[in-house]
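Student: I should like to learn how to read the packing in a structure of this kind. Could we go through it feature by feature?

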Amino acid sequence: MKAPPLSYVRAATLSEAFQLWRDAGPDARLLAGGQSLLATLAFRLSDPGTLVDIVRLHELRGISQVGGTTIRVGALATHAELGRHDLIRRHLPLIAEAVPLIAHAAVRNRGTIGGSLAFADPAAELPACCVALDAMIVARNAADERRIPAAQFFTGLYATALRPYELIAAVEFPIAKPGERTAVLELARRSGDYAMAGVAAKTRLAGATLIEPQLVFFGVGDRPVVAERAMATISGQQALPATIAAAQAALAADLDPPADRHGSGRTKRHFARVLLARALARLAGLDEARAA
Amino acid sequence: MNEIADPGSIDRPNSYIGKSVPRPNVKKLVEGRGQYVDDIVLPRMVHVALVRSSLAHARITGIDGADALDVPGVLAVFTGGDLAAHCAPWVGVLAHLKGMKSAPQRPLPIDRATWVGEALAAVVAETRAIAEDGAARVRVSYETLPAAVDMGTALEAGTAIIHPELGDNLCFERVNETGNVEQAFAAAHKVVEATFHTARHTGVTLEPRSILADYNRASGKLTVYHSTQAPHMMQGVFAKHLGLPEGDVRVICADVGGSYGIKVHVYPDEVAVAAIAKIMGRPVKFIADRLESFSSDIHARDHRIKGRMAVDANGRITAIDIDDLTGIGPYSVYPRTSAVEGNQVVSLVGGPYDFANYHAKTAVVFQNKTPTSQYRAVGHPIATAITEGLVDLAAEAVGLDPVEFRRRNLMADGTYPRTSAAGLKFEGLSHIASLDKLLAMMDYAALRSEQERLRGEGIHRGIGLAAFIELTNPSPFMYGIGGARISAQDGCTVRIDPDGSVVAATGVTEQGQGTEAIMRQIVAEGVGVPIEQVRVVTGDTLTTPYGGGTWACRGTGIGGEAALQSAIAVKGAVLAIAGAMLQAQPETLDLTNGEIVERGTGRARMPLAELARIVYFRGDTLPADLPRELIQTRHFITKQYPFAFTNGIQASYLELDVETGLVKLLKHWCVEDCGRVINPLLVDEQVRGGIVQGIGAALYEECPYSSDGQVLVGSMADYLVPMAAEMPDIEVGHVETPTRESLLGAKGAGEAGTAGAPAAIMNAINDALRPLRAKVLAQPFTPERILAALGKV
Ligand SMILES: Cc1cc2nc3c(=O)[nH]c(=O)nc-3n(C[C@H](O)[C@H](O)[C@H](O)COP(=O)(O)OP(=O)(O)OC[C@H]3O[C@@H](n4cnc5c(N)ncnc54)[C@H](O)[C@@H]3O)c2cc1C
C-alpha cells in the first residue's frame, strides 16, 4: 500500500523540532531512521498527518564518555554506529554483541537506538539490553530534561513513559564494572528476524559465584521482562546444574508469554528456559571451559 | 547440420549448446534498465486499487462508493454488478478430469464474498495512492454467512455448502488403481503407514502481479502489458470474456520478475482491470502490493495425505496406498483448474520405484480460503514427500540402510521404455546412475560415520535422501484435451537481416530464468553465427509465433526444439542461396561463425552479411527462380509421450538443535537428469533456486488461517521465505539421458529442485530424530513442531 497523505518537515535544531512538532499537533510523529515508522505508514496502520524529521539534529548525535562511569549515546546513533564504536565495544560489550542480531545491515545503517526504544517492540534487542544494563533514558521536551530508568521506561506493548511532545535525547549507560560479564542470546528462525525469544544477561562473578545477576527476556511479553524470581534463585549461587534447573523452573512464575506465530506460550517459555541455561553457561564461562 | 555435437567435445566455432554462456539480458536487469509493467507509463493512464473482502463468506448487501467518489482524483468505483454486462463469467473445469465441477466466477462477485482478500470493488483514480484513499472510503455491507474453512470437514453434513447449486463442496475426486493392493498388504512382510501434511503456501515473486490494460476505442483494440507466463493464453481469455475478436487483443509481456506458476493463471482482479479499461477507454494499471498478494495470489500445496506401503521379506516394495485430501478455495482457478495438483499427486506417488500394486485417491474440496492452483513443481513435492517418507519408514522397518533400500527398489536403468504402477510412461530414466553419482558426490559412507561419531558428543545430525521424477515437456494431454485453449505446441521464427544478424522470435517467454539465453545459444549454433549476432524476441502475441509460454518445464524442451529446427531451416536456405552464388553444391558448404565455408576444409568462401546484402538489395543478380527465404518458422509438439519425464535424487545433511527445534542446513546435493543440458550454469541455478524454494516449504513458508477464515500473513515479516544466510551449499550433478522425441534432446529442469527438497529435508530431520524416537511429518518443520515431536512442549 501507499502511505496516507502526509506533510513532512525537517528540523534543523532541537528547539525548532519542538516548535514544528507543536505546530503539527499531537498526532504528528518524529521520523528518525524510518525503519519501523515507514513500514507502519505503508500499511496505513497510522495516519500521523505530519512527519517531523529529526535526523539532522546534532544535539541528538554522538557517543561519548561522561566522567569515569557513564557512556552517553545520542538518540540518533544508528545500530551500525553502536556496533563499531570503540567506546561501546570496550565498555558496553552487551550492546556490541546485540547489534549483529538486529535486522540486516541495511536496516542497521539507518535504524537508531532512540527509534528502537521509542518504538518499544517487545521483541527488540536494545530495550532489553538497556534494562539489563540499568541504562537511563534521557527524555526531553521543549523546556526540560528528565532521566527515566530503563526498567520503568517500557510500559506496555509499543508503549513507553514518554509524555506528549517529549522525545528521547540520549541513553546513558553505566560503564561495565570490572568482573562484570554480559551475554545476549536469542532464537530466531532466520538471521535478522525479530527473535522468537531472547535474553540479555549480566552478572558479576566472585570466583564462580553469580553476584547481582540480571536476566531480561525479550519476545516473551508485552515489553522487556525482568525474570525476578529466576534471578533471585541464582543470585549468590554458582551456575551448577541444580541451580540452573531451579532458575528454569522459576521462569514459570516470571514469564507468561502470549502465543505468537512462532508458537504457544508454552513453547515460548520453553525457549526462555533454554536461553536461560545457555546464558548462565556463558556468564559463568562454562561454555569456554567445555570448548577448552 | 542435422546433428548436435556431443556437449563433451565442443570446440568448434558457434557450438554453444552445452556451454555456460552468459545471459544477454542480465546486464540490462542489473543496471535497472529492465522494463516491468510498472515501469510503463502511458498518456491518460489511471490506477486501480481494490476493496477486498474482510470476511471469509458473506452476502454482500451493498457497496457504497459515494464517499470514495468525493476524494479528489477518484474517477470511478466499479462493483461486480457494474462489470457483469461487460465480462462473461468463467468456470475453471477441464473435461478430461472426470466429474470435476466448479461455479461460475466473475471479475468481481455480484452478491457474495467467498474468501478473505477477494476483490469486491475497484476504485479508479489518478494515482494509486489516491485510489487507496478512495478504497478506504468504500463501504461494503455484509451479512456474514457460515464459512467452510477446514478442509477436513468440508464434506461433512453441517458444513456450509459454498455453492449450493453444486450440491456439495467436492470439486473433484479421482482414484488411480493398478493390481491388487489389499492382497499385497495382506501378504506383506511389513507394512508402514503415516499421515503427512504439506502446508498451504504461495510463490513469492519479486515483482508482484502487474497489469496495464489499454483499450483504444478508435481502433477497437485492447493492448495488455502483463506480467504473465502465458501471453497467448491470456490473449484468448481477454478476447473471450470481454467479447472481442482474438485478433483485436495484443498481450505484451516485457520483463517479468519471477513467476513460479503464480503468473500463469487468470486472476479475477486482472480481468476486472481489462474490463474497466474497455469501459473507460483509457489505460488502466494495477500493481498488486505485497499485502494483497498474500490473499489474492494463488496458494498451493494444502494437502493431508494418509499413506501406507507394503514391503516383502527381501525389502522390496509390493504396494503403495494413499488417500489425499486437498482444499482449494471457493473456486477452481481458470483455466488450468485447481484439481491438477491433486491429480498429479495420485499420478506421481511411487514414481521412481518398481512395484506392482497401487491405489491412490484424491479428494479436492472447496473451502472459503484463497484459491489454490499450480505453483512450481505442481504436486511433485507432495508426492515425493509421501513416497520418500514411506520409503524411509519401510527401510527402517526391514532394517535396511535407506540407500540400500532405494537401490533394491528404484527402477533399474536400461529397462525403458516402461510404464509405472500409476500409469506414467517413461521413455528413459537413470535412477541408479543418479544414485551412484549422488553417493560419490556426498561421500555417503564418510558422512554416516561422521554422524555416528557426533551423536556420541550429543550433536544430532541427519542425512535424508529423496528420489524423484519430474513431469516436463507436456503434450496436449495436460490441458488441451480438457478443452482449455492452452497451447502445448510452440514455434520459433528465425530470420537473417541484411547485416547478417539473426532475430529469433519465440512463443516461449522469459521470466528471469534465462529462456532468452537458451534460445540464443540454440539459434546461434543452429544457424552458425557468433552468439552476439542473435537477438531474441519473446512475450508479444503480435510478433511471436503462437505458443504456450513458459510453464511446466517446457521452455527449453519444446521452445528450444522449435528454435533449433527453424535455425537449421534458415541455415539450409542460406546454403542453397550460397550454392547458387558460389556455383557449388549446397551440401559441400557450411555456415560457421557467420561465414560461408567449404565443408571439410573450412576454407572461407563468403561472409553471411555479404550473402544477405545481395539477397536484400541485389536480388536481381540471383537466378530468378532461386528461393530466397531468409526467414523460417518451425513448430514443435511432443507426439510419442504425453510427457517427457526426468528423474533425479537429492540429499540433505543437517544438524538439529534438540533443545530449540532449530534446524541448521549443512549441505545439499542434487543429481538430476534433464536430458541434454543446454546451459550448465542456468540448469544448475534452476536446480539451486528450486531447492531453495523447496527448503522454504520444508522449514518456513505457510499461509496459516484462523478458524473463521482470516489469513494470518500479510507481510514478509510474517511469511518467512528462505534467505541466503540459512541456505546450505548446494552441489549439483547431472546424468544426461536425452529424449529421442527431439533433435535437441532436452527435457525440463525447472522444477526438479522444488520436487525433491522438502522430502530430503524431512527425511534428514527424521534421521536426526530417530535415536530420540521422534518424527515429524507436517510441513513446515518449525521449531515448535519438532519440540512437540520430542515431547518438550
Ligand atoms: C526488516 C526489518 C527487520 C528488523 N528487525 C529488527 C530486529 O531484529 N530487532 C530490532 O530491534 N529491530 C528490528 N527492526 C527495527 C529497527 O531496529 C528500527 O530501526 C527501530 O526499531 C526503529 O528505529 P528508527 O530509527 O528506524 O525509528 P523510526 O522508524 O524513525 O521511528 C520509530 C518510532 O519511534 C519514534 N521515534 C524515533 N526517534 C525518536 C526519538 N528520538 N524520540 C522519541 N521518539 C522517537 C518515531 O516517531 C516512531 O514512532 C527491523 C526493521 C526492519 C525494517
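Student: Which residues does Ile765(B) touch, not counting residues up to four places away in sequence?

Tutor: In soluble globular proteins, nonpolar side chains tend to be buried together. In this predicted model, Ile765(B) touches Leu654(B), Val663(B) and Leu699(B), and also Val776(B), Phe781(B) and Ile786(B), once residues up to four places away in sequence are set aside. Ile765(B) and Leu699(B) have the most contacts inside the largest nonpolar core, a set of 160 residues.

Student: Which helix gives the most to this core?

Tutor: Helix 18 of chain B, residues 752-769, does so with eleven residues. At least three residues come from each of two domains of chain B, namely domain 2 (37-145 + 205-296) and domain 3 (299-476 + 640-789). Another core, of 60 residues, lies apart from it and includes Leu57(A), Val73(A), Phe154(A) and Val184(A).

Student: How should the packing of two helices be described?

Tutor: Two packed helices are described by the angle between their axes and the distance between the axes. The axes of helix 10 (residues 380-397) and helix 18, both of chain B, come within 8 Å and cross at roughly 35°. This crossing is right-handed. Among the residues making the contact are Ala385(B) and Glu388(B) of helix 10, together with Ala759(B) and Met762(B) of helix 18. The contact residues divide into six nonpolar, six polar and two charged.

Student: Into which domains is chain A divided?

Tutor: The assignment gives domain 1 (7-53), domain 2 (62-173) and domain 3 (180-286). In chain A, the C-alpha centres of domain 1 and domain 2 lie 19 Å apart, and their contact takes twelve residues from each of these two domains.

Technical notes. Residues are numbered from 1 along each chain as its sequence is written. Chains are lettered from A and ligands numbered from 1 in the order in which they are written. This is a predicted model: local features need pLDDT of at least 70, side-chain atom pairs count only at pLDDT 80 or more; totals for chains, interfaces and linings use all residues. Side-chain values use heavy atoms; hydrogens and water are left out. A nonpolar core is a set of buried Ala, Val, Leu, Ile, Met, Phe, Trp, Tyr and Cys residues joined through side-chain atoms within 4.5 Å. Buried means under 20% relative accessible area, exposed over 50%, partly exposed in between (1.4 Å probe, protein chains only). Helices (H or I, at least four residues) and strands (E, at least two) are DSSP runs, numbered from the N terminus. Domain bounds come from an automatic or database domain assignment. Contact means heavy atoms within 4.5 Å. Axes are lines fitted to C-alpha atoms, for helices over the stretch in contact, and angles run from 0 to 180 degrees between N-to-C directions. A crossing is left-handed if the near helix is turned anticlockwise from the far one by less than a right angle, and right-handed if clockwise. Ala, Val, Leu, Ile, Met, Phe, Trp, Tyr, Cys and Pro count as nonpolar, Asp, Glu, Lys and Arg as charged, and the others, Gly among them, as polar.
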